[in-house]
Amino acid sequence: MAKVIIVGQKHLSIPNSPRNSRHILIRPKPFPTGRYPIEKIWYPLSSFFPWQPIWGRYQAIHCFNKVLYTNKPWFVTFEDHRFLYRNPQNQGEAAIYELLNNRLALENCQKLIAISDYAKLRLIKRMEGWKIKETISKKLEVIHPSFPVRVNESKLYQQQQNLQLIFIGNHIARKGGIVALRLAKKAEKLGLPITIHIISDLGRGSGVPTDFPDETKYVEDLKLLDLKNVVFHKNLPNDKVLELLSQSHFQLMATLHDTYGYSIIEGFSVATPAITTNVCALPEFIRHGENGYVLNLPINENRHWSNWLYEEKTKTNEYWEILNSTYDYLAEQALQQITQFLDRSDKREHYEFLSAGALAQAQIVHNSEKQNELFDELYAAAARG
């Protein structure tokens, strides 16, 4: 049995580490706590090991989206290449990042764990030209996030009720909530028997990737929360979210950018198929017509939505027109997919096939019991030295 320190972003660490480890996992409090985290002093410091002191021996460290300065055996799990740098502003910052990144080549850095092939691709592209690229590449492995699988059988399709769709995402625009609302409006006009559940705190605008910074652009869309075929839940505890997921026919996440999409996997854990886009890691575990449907966006070599504009360009009317037309385009694609499903003569059998595909994906690739053993073996090997 080993003692392993777990440090870094909590939302990333929970699905990417053991749920019921045979080892002792220690999650220290960040230091300093409160309103002024250490990276506010100087951003490169966030990649050091800033915690309150741990008394006693430990054998390994598993960190998330951080490069550590430590002599202990350690692993790093990451969701894309950004943990390596934050656009250094001067030579001092650049030197710190070079020092930290070179630590990935040291012997005590035992593995770099990408949560997806997308994350692996982004890291490899980031390392182009590095002297240590070959050394790091040998340590690179893909381990997908995992969740408890909560059901044993696929779902039956109940035709007597409206088709139930659910959107989950605090960023209402980036994650696809605006698309869900526009779909609801289109469906209401056509008299389609669908109900859309929205779980969100409606985060939008400045500071949210892909969003238009002026929140007033979203006012008309948010009025659609009052449609008769929309049920707005705002924030719910996770057990209630899972209950709604299990009662829904499809999860709808027509996202413009998402490094993974954990809610999709949680939906799969209760055999709920998904409707989502082809960006980033999503096509790695959502297969059109097998465990859901994929709405196609134009993407670039990085698997990012290719019409995304950045910095000052996000404030222009041109960008709003791009976003506005894209929300409409995705809503129309989703409508066509839903209409085709409802018109199928074999929709009961087809739905059960999609549900079985979703559950199989959760059981085979994202099963926390299987991943539990995998990580425990990594920790045990590190403890043995």
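Visitor: How many of the residues of strand β4 (residues 74-78) are buried?

Guide: Please keep in mind that this is a predicted model. In strand β4, 5 of the 5 residues are buried, so the strand is largely enclosed by the rest of the structure.

Visitor: Which residues of β4 lie on one side, and which on the other?

Guide: The general idea is that in a regular strand the side chains alternate between the two faces of the sheet. In β4, Trp74, Val76 and Phe78 are on one side, while Phe75 and Thr77 are on the other, and because both groups are buried, both faces of the strand are covered.

Visitor: Which strands pair with β4?

Guide: Strand β3 (residues 60-64) pairs with β4 in the parallel sense over 4 bridges, and Ile61 stands opposite Trp74 in β4. Strand β5 (residues 109-114) also pairs with β4 in the parallel sense, over 5 bridges, with Phe78 standing opposite Ala114 in β5.

Visitor: What pairs with β3 besides β4, and how many bridges are there?

Guide: β1 pairs with β3 in the parallel sense over 5 bridges, and Val4 stands opposite Ala60 in β3. Strand β1 (residues 3-8) is joined in turn to strand β2 (residues 24-26) by 3 bridges, the two strands running parallel, and here Ile5 stands opposite Ile26 in β2.

Visitor: Now to another sheet. What is the order of the strands in the open sheet of 6 strands?

Guide: The order in that open sheet is β9-β8-β7-β10-β11-β12, and the pairing is parallel. β9 (230-232) and β12 (292-295) stand at the edges with a single partner strand each, so one side of each is left without a neighbour in the sheet. From one strand to the next, the twist averages 25 degrees.

Visitor: How many bridges pair β8 with the edge strand β9?

Guide: Strand β8 (residues 194-199) pairs with β9 over 3 bridges in the parallel sense, and within this pair His197 stands opposite Val231 in β9.

Visitor: Which strands does helix α9 lie across?

Guide: Helix α9 (residues 317-343) lies across β7 (163-168), β8, β10 (250-253), β11 (274-277) and β12, and the helix runs at about 150 degrees to β12.

Visitor: At what angle do the axes of helix α5 and α9 cross?

Guide: To read a helix pair, one looks at the angle between the axes and then at the residues in contact. The axes of helix α5 (residues 177-190) and α9 come within 8 Å and cross at roughly 55 degrees. That angle falls neither under 35 degrees nor in the 65 to 115 range, and it is not over 145, and α5 and α9 are therefore oblique to each other. The crossing in which α5 passes α9 is right-handed. Among the residues making the contact are Ile178, Val179, Leu183 and Leu190 of α5, and Tyr327, Leu330 and Ala334 of α9. Sorted by class, the contact has 10 nonpolar, 1 polar and 4 charged residues.

Visitor: Is Asn101 buried or exposed?

Guide: For a single residue, one reads the relative accessible area, and a residue counts as buried when that value is under 20%. Asn101 is found in helix α2 (residues 91-102), and with a relative accessible area of 6% this residue is buried.

Visitor: Which residues does Asn101 touch, not counting residues up to four places away in sequence?

Guide: Leaving out residues up to four places away in sequence, Asn101 touches Val67, Leu84, Trp130, Ile132 and Ile136.

Technical notes: Residues are numbered from 1 along each chain as its sequence is written. This is a predicted model: local features need pLDDT of at least 70, side-chain atom pairs count only at pLDDT 80 or more; totals for chains, interfaces and linings use all residues. Side-chain values use heavy atoms; hydrogens and water are left out. Two strands pair if DSSP finds at least two bridges between them. Axes are lines fitted to C-alpha atoms, for helices over the stretch in contact, and angles run from 0 to 180 degrees between N-to-C directions. Contact means heavy atoms within 4.5 Å. Buried means under 20% relative accessible area, exposed over 50%, partly exposed in between (1.4 Å probe, protein chains only). A crossing is left-handed if the near helix is turned anticlockwise from the far one by less than a right angle, and right-handed if clockwise. Ala, Val, Leu, Ile, Met, Phe, Trp, Tyr, Cys and Pro count as nonpolar, Asp, Glu, Lys and Arg as charged, and the others, Gly among them, as polar.
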